[in-house]
Protein chains: 2
Amino acid sequence: MPPSRVDRPPRRVGEFDLIERLRRLVPTAGPGVRTGIGDDAAVVSLPRRTLVTCDVQVEGVHFRRGMSAPGDVGWRALAVNVSDIASMGGAPRYALVSVLLPPGVSLRDVEAMYRGIGQAARAHGVIVVGGNISRTSGPLALDVTLLGEAGRVLTRGGARPGDGVWVTGTLGNAAAGLFLARRPRVRVRGARALLRAYRRPSPRVRAGRALAARSAVTAAIDISDGTAQDLAHVLDASGVGAVVHLERVPVAPAVVAAAQAAHLDPYVWALGGGEDYELLFTARPGFETSARAVARVAGVAVTRIGEIVPRRAGRWIAGPAGRRTPLRPAGWDHLATRAP
Amino acid sequence: MPPSRVDRPPRRVGEFDLIERLRRLVPTAGPGVRTGIGDDAAVVSLPRRTLVTCDVQVEGVHFRRGMSAPGDVGWRALAVNVSDIASMGGAPRYALVSVLLPPGVSLRDVEAMYRGIGQAARAHGVIVVGGNISRTSGPLALDVTLLGEAGRVLTRGGARPGDGVWVTGTLGNAAAGLFLARRPRVRVRGARALLRAYRRPSPRVRAGRALAARSAVTAAIDISDGTAQDLAHVLDASGVGAVVHLERVPVAPAVVAAAQAAHLDPYVWALGGGEDYELLFTARPGFETSARAVARVAGVAVTRIGEIVPRRAGRWIAGPAGRRTPLRPAGWDHLATRAP
């Protein structure tokens, strides 16, 4: 089936019309695309080492139509894939977009969603080379596959004892943004940036590329599930332990303010919230100077939050006053530190 | 998100368990796979010219769970993508499999589906390098993305007046198989092969590769929508017309017998049925000798069914006794030829 086929489009719009209308909303041509949308397969140029990932967003599971504007759903569907390429140190290049449309979805909403995909694509130099549209009797779903170029590849599996544990940006922004989206009457300074972090995450492509170019960087992952959970993925894949120093975890003042409004410890969001799409990485000791260079190139703060230890030394959060609490995938339960 | 993540799996099976169980059912390692399932993205080796396609199968739209066994659904989901790579002259290599699981789907059915994916993957040398599994409140859906290697690429757009119009295999088998699947009491010699053609289509990868290697071949497409419709796609893309000679269209005796049982003209299935996943291609005049070589290499008949004419000469089916009827995407209405 051609990448671009519609299996029964929304009523009142023909298949051909719908494809034409939607393809105009996303970048579909550019360097490296020999044959794009409209044949049985796309033909693209890639270096020998190709990155490929896919991620699906399902209404009612990953988003709610009432809570997320269609354009944000489209942006996010592409951005989460860009983040996966970024965390491997790659450059995103070509996307395929599969959409399942439920009965009654309006053409306006579908177009807004594609406009969001197009905006995220342009922001990251991605060209849409295929996909398909099908009706479904169930919820709206948006499945994006993304191809990227890799030089040196960062995986989850390279962390070694002695490495530092680092993150880009500040953490908990998306969780704070979600809280504010649900509670529009809560007023917090910096709310707009938090809402945007939740609705239109900005994957760290430049940071990922800069990190992959440095041999001192040993492993990386993007923070989608939550800092603690994603760190656990790195520890699992690398066969090591870690200590995270709570006071070093970077949290923006706006997140602290929103957490106050929510009567929450901000570290609950920073370690457990997820969907920040920052990068967590490990690097050999003495990375501080390189870190400053990466931060400059990537336009984002880079902070050391802990260190890798041998597996047998375990997984810990070093809390205030030197207390240690086990690092759990769920993140951070501030009550647990208080209890000795 | 990692290719392999489960967003809420079926009850009673943990996320990790489900992924582990399913990945054992499909080939996940092999030449060219540097990093497969389990990191943020897969890392694969591909030649500079890469083919990529995706195709989604949605329950209630593309299949019904009562009519298709789960293993057949899995096989088909991969096979239709393999066919898209085959029609471009490529070799299928790496797949990503996204599954949406409705409430109440059994682990047994999900495993059977993956077993079908695995069988089709092994039959065509495809390695599953990623994907994801999510729950949905709606119907089961299976979205497969397939990457392939290309040498010379066959598109829909190269047909020129004077070229022959050719097909591989015989046509209408899948439509006849669907009829037999719906009417299990109808007895026809050769029914098994027809049922298999419908349930477990065999994409023409070897034929596609052999055709792409011959410069006389000018365009190709796989027959998914129906011979007449897919030929129309080639004519649209190439800006030409065509005449198809009805008596040359290859139809298997079993299809004739099934059509008789269905009180249908077999050409209705051969030209309009679709889902045969044979190849339709165009080639410069004098291709007959090469055609025999391709047939030998690919293990499938190759038949010239018509020729390309200038656009202004139109699109025709030359019927019995020299009568011409317009070639319509819907295929063949034998009543139309009878009316002058």
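Which side chain does a polar contact of 2.6 Å join to that of Thr168(A)? The partner is Glu278(A), a polar contact being a pair of N or O atoms within 3.5 Å in which, within protein, one can donate a hydrogen and the other accept it, while residues adjacent in sequence count only if both atoms are side-chain atoms. This is a predicted model, in which local features need pLDDT of at least 70 and side-chain atom pairs count only at pLDDT 80 or more, whereas totals for chains, interfaces and linings use all residues. Residues are numbered from 1 along each chain as its sequence is written, and side-chain values use heavy atoms, with hydrogens and water left out.

**Thr168(A) and its surroundings**
- Thr168(A) lies in strand 8, residues 164-168 of chain A, where a strand is a DSSP run of E with at least two residues, numbered from the N terminus.
- Thr168(A) counts as buried because its relative accessibility is 1%, buried meaning under 20% relative accessible area with a 1.4 Å probe and protein chains only.
- A polar atom of the Thr168(A) side chain also lies 2.9 Å from the backbone nitrogen of Leu279(A).
- Leaving aside residues up to four places away in sequence, Thr168(A) touches residues including Arg204(A), Phe281(A) and Val300(A), contact meaning heavy atoms within 4.5 Å.

**Chain A as a whole**
- Buried residues make up 61% of the 340 residues in chain A.
- Among contacts in chain A with a separation of 6 or more, 83% come from residues 24 or more positions apart.
- Along the principal axes, the C-alpha atoms of chain A fill a box of roughly 65 × 50 × 35 Å.

Key:
Chains are lettered from A and ligands numbered from 1 in the order in which they are written. Helices (H or I, at least four residues) and strands (E, at least two) are DSSP runs, numbered from the N terminus. Buried means under 20% relative accessible area, exposed over 50%, partly exposed in between (1.4 Å probe, protein chains only).
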